[in-house]
Structures are given as structure tokens and as C-alpha cells.
Amino acid sequence: MKKILAFMLVVILCFSLCGCMGAQPQPTVEYKDFEGGAVGTPDEFTASAATSDEAKPKYENNLKGLCTYLKDKNCVYAYKDAIVPTASMIGADEGYKFMYKYDGGDVVLEVYSYSDTDNKWYQQAKADGEITLLDETFEAILSENGKYLMIYSDSKERAERKDAIVEVFKSFYAE
């Protein structure tokens, strides 16, 4: 009797678990610009080549001003979320992570602000042009004024576009 009851419970458990494994709808990710306005999905983003002009006085010399500048120069389009916890992991005050599609490739651009330039990650970026975090190495680009750090990756590795974005990034409040 116990064996039959145990077998029936196993069969019921199997059927209940199989019912839970059906096709689940994929969650809809809503991308927003860093100021919070909805801008669509990554597949909708296209970009013109970034240009390098001096930072105009309308941009504040802070991380939000840098993000606005990069957005106005068609370097970034939408952010996934503010990455303050990650920022603190590399000694930065704050940061933003932009993720979007460009010409069929996946682009991730992260920007961070620093007030303490004596920490090991900032010094590593300054000395080596890269930072190592959790056994992974990332190319790290410092702004001309030394206040900001950028990490850029593109699944299609387009050097010309990267160079244009780096030029725009470095021109922000260049001294």
C-alpha cells in the first residue's frame, strides 16, 4: 500500500513539474534614457558617426552632463540601469551603463566619475589603460580632465566608431 501511494505521489509530482515547465513568455525590457524617458528597444537604435566638438557650456561638468553630451553626440542611446554598486567596486563615485544595438552589433558603454584618483583601479587605468575586476580585464579610457573613466565594448569591434566615441568622450571638458 505504501509503495502504491509513494508511486502515485511521484507521478503527481512529475505532472505538476511538467506543467510548470511550459513555454514562459519572455519579459519585456523597457529601455530608458538616463534621464528616465522611454526610448524603445535596442533594435530601434541607429546612430550617426560621433563627432568631436568642445563641450558646450550647456553641459554640466558632472556624470549626468557627460551622459547628456554623449547622447547628444549620438554615442549612447539607452541605459539598462544605473550601476552604482559596480561603480563602488572599482572605486568610482557613480556610473552609468549604456547597452544598445548598433549596425547589428551589441554595444556596451560604461562611464564612471572619480573624485578619488588615488585608488588602485584609477591608477591601474592610468598606468595600463585597463582595469582588472573579478579576474576579467577591461580596456579603460580616462577623460582628458582625469575625472571620468569609460569602458567600451562592441561585439563587431568597429575601430573607427570606437575611436570616434573615444574622441568625443575625451573632449568633454578637456583642459
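Serine 143 counts as buried, at 6% relative accessibility, because the cut-off for that class is under 20%. The model in which this value was computed is a predicted one. Serine 143 lies in a loop, the one between strand S8 (141-142) and strand S9 (148-154).

Two kinds of neighbour can be listed for this residue. Within the loop region, the side chain of serine 143 makes a polar contact with the side chain of asparagine 145, at 2.6 Å. Once its neighbours within four places in sequence are left aside, serine 143 is in contact with Tyr148 and Phe169. The numbering of strand S9 (148-154) begins at 148, the position of Tyr148, a contact of serine 143.

A second loop joins strand S6 (130-133) and strand S7 (136-139), and leucine 134 is found there. Aspartate 135 lies in the loop between S6 and S7 as well.

Backbone angles come next. Leucine 134 has a phi near 50°, which is a positive value in a residue other than glycine. For aspartate 135, phi is near 65°, again a positive value in a residue other than glycine.

Are these loop residues buried or exposed? Leucine 134 has a relative accessible area of 71% and is therefore exposed, since that class starts over 50%. Aspartate 135, with a relative accessible area of 80%, is exposed too.

Set side by side, the loop between S6 and S7 holds exposed leucine 134 and exposed aspartate 135, whereas serine 143, in the loop between S8 and S9, is buried.

Definitions and conventions. Residues numbered from 1 in each chain as written. Predicted model: local features only at pLDDT ≥ 70, side-chain atom pairs only at ≥ 80, totals over all residues. Heavy atoms only, no water. Helix = DSSP H or I, 4+ residues; strand = E, 2+ residues; numbered from the N terminus. Buried < 20%, exposed > 50% of the residue type's maximum accessible area, 1.4 Å probe, protein only. Polar contact = N/O pair within 3.5 Å; in protein donor to acceptor, adjacent residues only side chain to side chain. Contact = heavy atoms within 4.5 Å.
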